[in-house]
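Reader: Could you walk me through a few side chains here, one question at a time?
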Amino acid sequence: MNANNGRPAPRRVVVSGLGAVSPNGKGVDAFWESTRNGVSGIDTISRFDPKALPCRIAGEVKNFQPEEFLPQKELKRMGRAVPLAIAAAREALRSAGIALQEADLEAKRSWGVILGSGGGAPDFIEEQYRLYFGDQLRRVSAYNVSSSTLGTISSEISLHFDLRGPSHMISTGCTSSTDAIGYAFNMIRFGLADHLITGGVDATITPGIMQGFCVMHVVSTSGNDNPRRASRPFDRMRDGFVLGEGAWILVLEERERALARGARVFAEVMGYGSTCDAYHRVRLDPRGEEPARAMTVAIEDGGVAKDEIGYLALHGTATELNDKTESLAVKLCFGRRAYDIPMSSIKSMIGHPQGASGAAGVVAAILGMNHGFLPPTINYQEPDPECDLDYIPNRGIAKSVDIALCNCIGFGSKNSALVIANGAAR
């Protein structure tokens, strides 16, 4: 017990499992191999004909077979995000050495789900609208309402693995999965849960969503003929993000429980911070003060010094305002030391998977620390005077890092950050 009104001291929270289904690799090993080597998964959209759109490229998860994870009759009742999340969650549990099918009821009650997603099931929703407005009312699914909600994703995970703990979805735009990991971290840290499946999933590459982003003029239109070069975070010639999809899942546990069962500790979650610019529905405040404060809050929450941060996993969408504002926020947070910290945006390789992007950055940062190698920002050719930090251009670097900071910025002026420590160093 501590002196804080007799409450138990906060518990340490570790990452004991990782799973990934990414545009540049299905499975953690494939995702990491591509990411460390700067391999892009961005290509011409294949799931529908994009020729009428100004932007015809995306970071799709190619050759993903959802039937490997769920029966066809169930797949008809849900959006693509669900099987993506289940596939990544299976891998994360397997890497954690957890066999929930063998667990008793009490053990299953100690497991829960807190996932982040920005879009939920837009593919399912758009298909139902097509049927309804196409005078095919008899074909509209009886699950039209239930499967259109974001909560369906965590519910399906809980159903699939028979988890009896909390089953929650966090939807805060692009910061969704960063916030989900932060919420899961706090629930375990303060004794409200023992084991949680967390992270993020999004599958928003649909005609309606793509057209919406095109209308907003926030997606790249210059890379249709050379998709793998289209996502150019921090480059002077960047002209917008490339939409992506995927699922990146972590298993979080209370440290002593994980060690007691001999689990591998990939990382330790140290701190979480979240702020809001309260500035605009879409645009972030160009002064960068609140994303800088979110990073500072996360560092202080983790009980570490700013000088201990050895790598930054940046949001880095490749939009003009985001990249220069995030660069400014890093300088506001770290001062002159900002120029000495290596940092990168893996969106240059996977596109922008919306609410899942934070979890993608966290998984990449953990793998980078575990392997002593930091992933690059590819397609960086022309420096921008307003983006003048070390973005690890084009080729990754071998570097030992004990503590990383993962940053996220979202619509509605939301900012979130996580501090992650290398498991091998703990």
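Reader: Which residues form one aromatic cluster?

Author: Happy to start there, and please keep in mind that this is a predicted model. The cluster brings together two tyrosines and a phenylalanine. Its members are Tyr129, Tyr132 and Phe133.

Reader: How many aromatic pairs are there by this rule, and are the rings of Phe64 and Phe69 stacked or edge-to-face?

Author: The count of aromatic pairs comes to 8. For Phe64 and Phe69, the ring centres are 5.6 Å apart and the planes meet at 15°. Planes under 30 degrees apart count as stacked, so the arrangement of Phe64 and Phe69 is stacked.

Reader: What angle lies between the planes of Phe213 and Phe241?

Author: These two rings sit 5.2 Å apart, centre to centre. The pair links distant parts of the chain, with Phe213 in helix H8 and Phe241 in the loop between H8 and strand S8. Their pairing is edge-to-face, with an angle between the planes of 80°.

Reader: Is Phe241 buried or exposed?

Author: Buried means under 20% relative accessible area. Phe241 has 5% relative accessibility, so Phe241 counts as buried.

Reader: Where is Ser176, and why does Ser176 count as buried?

Author: Ser176 belongs to helix H7, which covers residues 176–189. Its contacts include Gly116, Ile170 and Gly355. The cut-off for buried is under 20%, and Ser176 is buried because its relative accessible area is 0%.

Reader: Which residue lies over the face of Phe373?

Author: Here an arginine is placed over the ring of Phe373. At 4.1 Å from the ring centre, the residue is Arg36.

Note on methods
Residues numbered from 1 in each chain as written. Predicted model: local features only at pLDDT ≥ 70, side-chain atom pairs only at ≥ 80, totals over all residues. Heavy atoms only, no water. Helix = DSSP H or I, 4+ residues; strand = E, 2+ residues; numbered from the N terminus. Buried < 20%, exposed > 50% of the residue type's maximum accessible area, 1.4 Å probe, protein only. Contact = heavy atoms within 4.5 Å. Phe/Tyr/Trp six-rings, centres within 6.5 Å; stacked < 30°, edge-to-face > 60°. Lys NZ or Arg CZ within 6 Å of the ring centre and 35° of its normal. Lists of a residue's contacts leave out its neighbours within four places in sequence.
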